[in-house]
Each structure stands twice: as structure tokens, then as C-alpha cells.
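Biologist: I have a protein with a ligand on my screen. Can we walk through the pocket, then the fold around it?

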Amino acid sequence: MSTPDSAATPTPGTAYLVGAGPGDPGLMTVRALEVIAEVDVVLYDQLIPPTALDGARPDALLVDVGKRGGGKQVPQAETEALLLDHALAGRSVARVKGGDPFVFGRGGEEAQRLRDRGIPFEIVPGVTAGIAGPAYAGIPVTHREHAPGVAFVTGHEDPNKPESTIDWDGLANFPGTLVFYMGVRRLPAIASSLVAAGRPEDEPAAVVQSGTLGTQRVVTGTLATIAAVAAEAGIKAPAVTVVGGVAGLRDELRWFEDRPLFGKTVAVTRARAQASGVARRLRALGAEVVETPTIRTRSLEATLPDLVDVDVLALTSPNGVREFMAALLRSDQDGRNLYGTMIAAVGPGTARALREHGIRADVVPETFTGEALAAAVGAAPPVRRASGPAPRPRRALLVRAAAAGDALPDGLRAAGLEVTDLPVYETVAEPLAPETLERLREVDYVTFTSASTAGFLADAGGVTDAEATAPHGRLPVGPDTRAVSIGPVTSAALAELGASPAVEADEATIDGLIAALVADAAMR
Ligand code: SAH
């Protein structure tokens, strides 16, 4: 029996204070991802990784408490009220913050409010910016020869104000590394106060802006020079300042900025479900990735024919494989009904998806055209059947996206096969947020992994034929952006939009595309 909300006080939901790390999505903890995937409500801050909430439930309520319309932070009291209200209404809530929730994150106060109201809570620690930022700059916050300890300090307070709660003399005497959060504007005052209180003027110091992100910037100097160096370089928040001998180790230990795509911003136009693999690989190469998914796939809930009548099953994408498997189980058949059927995968990604379902493709043609597929099918050894070798394949079932063109089925028909073209999913447009479109105009590279991503991006961007200009035609990117195409078919689709890609992969695979992008980046 269920009672309406108003009639009884529900059991409070659990509240989670979750650290999402400093910015690199790879630095989120397993527990953080688990909690985000589970909860009813997510209250999130600005300084969380761009993809932090991708795994949230589709029906979860996501509330941005980091900023409001005009760019002002939602007041802490209001955030706390939201946290308490949702939990008291019986919903599980994750309060997702940058870095660690208990390091300058007001997590301590929030936990106290939760405790006061009898709401069960869990703390999910995160990788804090004051350790991770320096680490990505090649600065260990402790080191046996340089620093036996580390202090994390807020740089928020003006050291010249009498009400400052920081004991600057005590801090200057701290035997070890000092890491300041939030203090970019106060850097001159912080540095001079430390020197005035006895910290040596020539002590190494570094400022790390946007640490662990592809946009990371680092400046180094000494306590005497760091404020001027940072100002000169235009260092902005978010940044941490490291003071101590360890800051001098950066020259020797820098690593992050030396990766091949460091400093490059790359837009990935694939459907969200497929983009993350590419995005992860680009990030691992040091790129800042802007995910601009302009398409999404939608299942057509297709009905499979009786597989007894199918001699050759041809699949053209990993998504087609997933849809086929789902359709197979919806019908009254299962994997055993594929016994004796020749299976062709158009491309290595599709073959890999089949393997995940325990199926080895018999045929993976070198080039992905109808003729090549038909020739490969003709050349493949017969598939074993209980009644002896299979007859020459006659009937092909082509499982793929709707409106995928005639080239493939025509090529198979020309080779004498009877073809059933079965659309199992369709590709639909996904609108891009205005902020995403804005970021797109600034990217160094925009990648296209299929003809459809190009068309959909042009449509999402709203650049008309009349507004189209070389070299990008109707693509909504800036003049300096370089378009990267996975292969000739995609390049042709780009050409139709008036765009000419700067780079085309030698091999029409994701590996080929990434290799071509890295090679191009190395030359500029
Ligand atoms: N709870 C967070 C800190 C929140 S206070 C943590 O544990 O990291 C916000 C401050 O954190 C910023 O002003 C900046 O000093 C620092 N910060 C957050 N993300 C950062 C990043 N990617 N690089 C450098 N500093 C960062």
C-alpha cells in the first residue's frame, strides 16, 4: 500500500557529498561514478569534469547550483536547503563538487546540516586540485629532500586586512610546501606577506591554472617574482599556487604538457554513446575535448525474419550489432539460430562488437563497399552446416541504419545475392546547447567519423548556404579550425556542405583518424 507524500513523512533519502576531482574526467573515483549513476537528484557545481554527469539516470533531476543565469553563484544557504529538502522528501541526492568535498568545498558544513536533520549521508572523497594540479605540472607536494609536509591554505583572505584569520607568521614558518587555493587575485599580497614574515624571497613558486585539463597553464618563479610572472601571463582562476622547493622540480618532472595533443582543443561530433571512447583516447593524448553530439541513434524495434532463410548476415556498425542482438531475443530465436549462417562485418569496430556477443565474423572486407563485401563473401570458405557444406550463399540480410543508401545492397545484388535490407535503427538530430556552439567556434580541430555527423553538425549550427564561407562552408566552426575526416565518403559529404577537410585519415578507422590528427598537430 502506498501513502501519498503529504500524508506521512517519508524515510529520508541518502545524501552523498561527492568529490568529482579537479577536471580530468579520468580522475573521478569509481565510487563517485557509481553514486552519480544511482541517485534521484544531482546538485552540481561548475568546477566538475565536463562529462561527470554523463552516467546519471535519464530520469534523474540535475540541478546546477554553481552558477545562475547572470553568472552568480547560488547562495550556499539555498544549496543546503535544496539538499535537505530533496533528501527529506525521500530522494537520494548527490551533491557533486570539484576536487574533494572536504577541502575548501563546504562539505563539512553540509554534513553537519545533514546530521542535524537526521539524514543519512556518505562522503565520497575526491582528488583535490591542490595535489592533482601540481602533480600534472610535475610538482610533487612532498619530497624527501625538499618538503617533509604540505599545508593547504585558502588564499581567499586579504592578508592586509586585520580580520584575516590566517596566522601569516606561523604559515611562513611552516616547514614544508604551501598550497594556496582560490588566491589568484591575492597573489601579490600573499607572496609579500610570506616574505615579510620570513619566507626566503628566492624560494621557488608555481601557479597552476586549470590543472589536469587540456587547457592547463603553469608559470614558475620565486616568491619575489611569481605575482608579476602570473600577472604577465594573464593567469586566471581556477588556479592553485605552490610555494616551496618542490616547485623547482617542474623543469625536471613536467610531463602533461609534453603529450602530442596538449594545448589542442578537439570537437568530437559522434553520437554521445559512441563519442566517449574517442574522447577518452584524445584526452589521453593530451587534448581538451569538446563533445558535440549532434546525433543520437533510436531503435526501430525491428522484427527479424526467420534466420533459416538467411545465408549471409551483414552488419555495418557496432550499433547495428547491438540492435540485431536485441531483435534476435525479441523474436522467438536466439544465437543458436545463426548456426550455418555466414556473418560479414563491415569494419573492425563491427567485428569487435560481434565478438562481445560471442560471434566471430567470417568476413571482414578490407574496403567497405558493396562490391568488396560481395567479393569477400564469394571468396570466403563455406560455413559448416549439419547437412554438409552450405550451398553457395544466395540470400543476404543486411542489418543497418535506416536511409543508409543503395550502394551496399546494390553491390551485393550485382554479385547475384538476394538482399533484404533491414533498418534496425535510425539516426536523429540532437540539438546543441548555445554554449557548446560557442565553444565549437574556438576549437583547433573538429573530427568527423561519418558522413551523417557532418550533415547533422551543419544543421545544428544553423549556418545557411548564403552564410557559408571557405574553407568550412556550412560547418559552424571558426576560420582557424581544422576539419578532420575519417575517409573519402565523409570528405565527400563535407564537400557537399561546402567544406574541405584539412586532414583525411589514410585508413578509414578511428585509429586512422586519430593518427592523422596527431600527425597534423605535430606539424604546427
Ligand atoms: N574542493 C575543491 C576546491 C574548491 S575551492 C578541491 O578539493 O579541489 C575552488 C578552488 O580550487 C579554486 O579557486 C582553485 O584554487 C582550486 N581549483 C579547483 N579546480 C582547479 C584546477 N583544475 N586547477 C587549479 N586549481 C583548481
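Biologist: How many residues surround the ligand, and which are the closest?
Modeller: This is a predicted model, in which local features need pLDDT of at least 70, side-chain atom pairs count only at pLDDT 80 or more, and totals for chains, interfaces and linings use all residues. Residues are numbered from 1 along each chain as its sequence is written, and side-chain values use heavy atoms, with hydrogens and water left out. A residue is near the ligand if one of its heavy atoms lies within 4 Å of it. By that rule 17 residues surround the ligand, and the closest are D100, V103, T128, M182 and A239.

Biologist: Which residue offers a polar backbone atom to an oxygen atom of the ligand?
Modeller: A polar contact here is a pair of N or O atoms within 3.5 Å. Nitrogen atoms of the ligand lie 2.9 Å from a polar backbone atom of P22 and 3.1 Å from one of G98. For an oxygen atom of the ligand the distance is 2.7 Å, and the partner is M182.

Biologist: What share of the ligand's area does the protein bury?
Modeller: Accessible areas come from the Shrake-Rupley method with a 1.4 Å probe; for residues, only the protein chains shown count as cover. Taken alone, the ligand exposes 550 Å². The protein buries 90% of that.

Biologist: How many residues of the shell are charged?
Modeller: Ala, Val, Leu, Ile, Met, Phe, Trp, Tyr, Cys and Pro count as nonpolar, Asp, Glu, Lys and Arg as charged, and the others, Gly among them, as polar. The shell has eleven nonpolar and five polar residues. The charged count is one.

Biologist: Which domains each supply at least three residues to the shell?
Modeller: Domain bounds come from an automatic or database domain assignment. That assignment also gives domain 3 (265–294 + 430–501 + 510–522) and domain 4 (298–383 + 393–429). The shell draws at least three residues from each of domain 1 (12–126) and domain 2 (131–258).

Biologist: M182 came up twice. Is M182 buried, partly exposed or exposed?
Modeller: M182 lies in the loop between β7 (177–181) and α6 (187–196); helices (H or I, at least four residues) and strands (E, at least two) are DSSP runs, numbered from the N terminus. M182 has a positive phi of about 70° although it is not a glycine. Buried means under 20% relative accessible area, exposed over 50%, and partly exposed in between (1.4 Å probe, protein chains only). At 40%, M182 is partly exposed.

Biologist: What is the relative accessible area of R106?
Modeller: R106 sits in the loop between β4 (93–97) and α3 (107–116). R106 is not a glycine, yet its phi is positive, about 60°. It is partly exposed, at 44%.

Biologist: Which residue is joined to P238 by a cis peptide bond?
Modeller: P238 is in the loop between α7 (226–233) and β10 (239–243). The omega of the bond is about -5°. The partner is A237.

Biologist: And which residue is joined to P471 by a cis peptide bond?
Modeller: P471 lies in the loop between α15 (451–461) and β21 (482–485). Omega is about -5° here. The partner is A470.

Biologist: What percentage of the protein's residues count as buried?
Modeller: The protein has 17 helices and 22 strands. Its C-alpha trace spans about 90 × 70 × 50 Å along its principal axes. Of its 524 residues, the buried share is 50%.

Technical notes: Polar contact = N/O pair within 3.5 Å; in protein donor to acceptor, adjacent residues only side chain to side chain.
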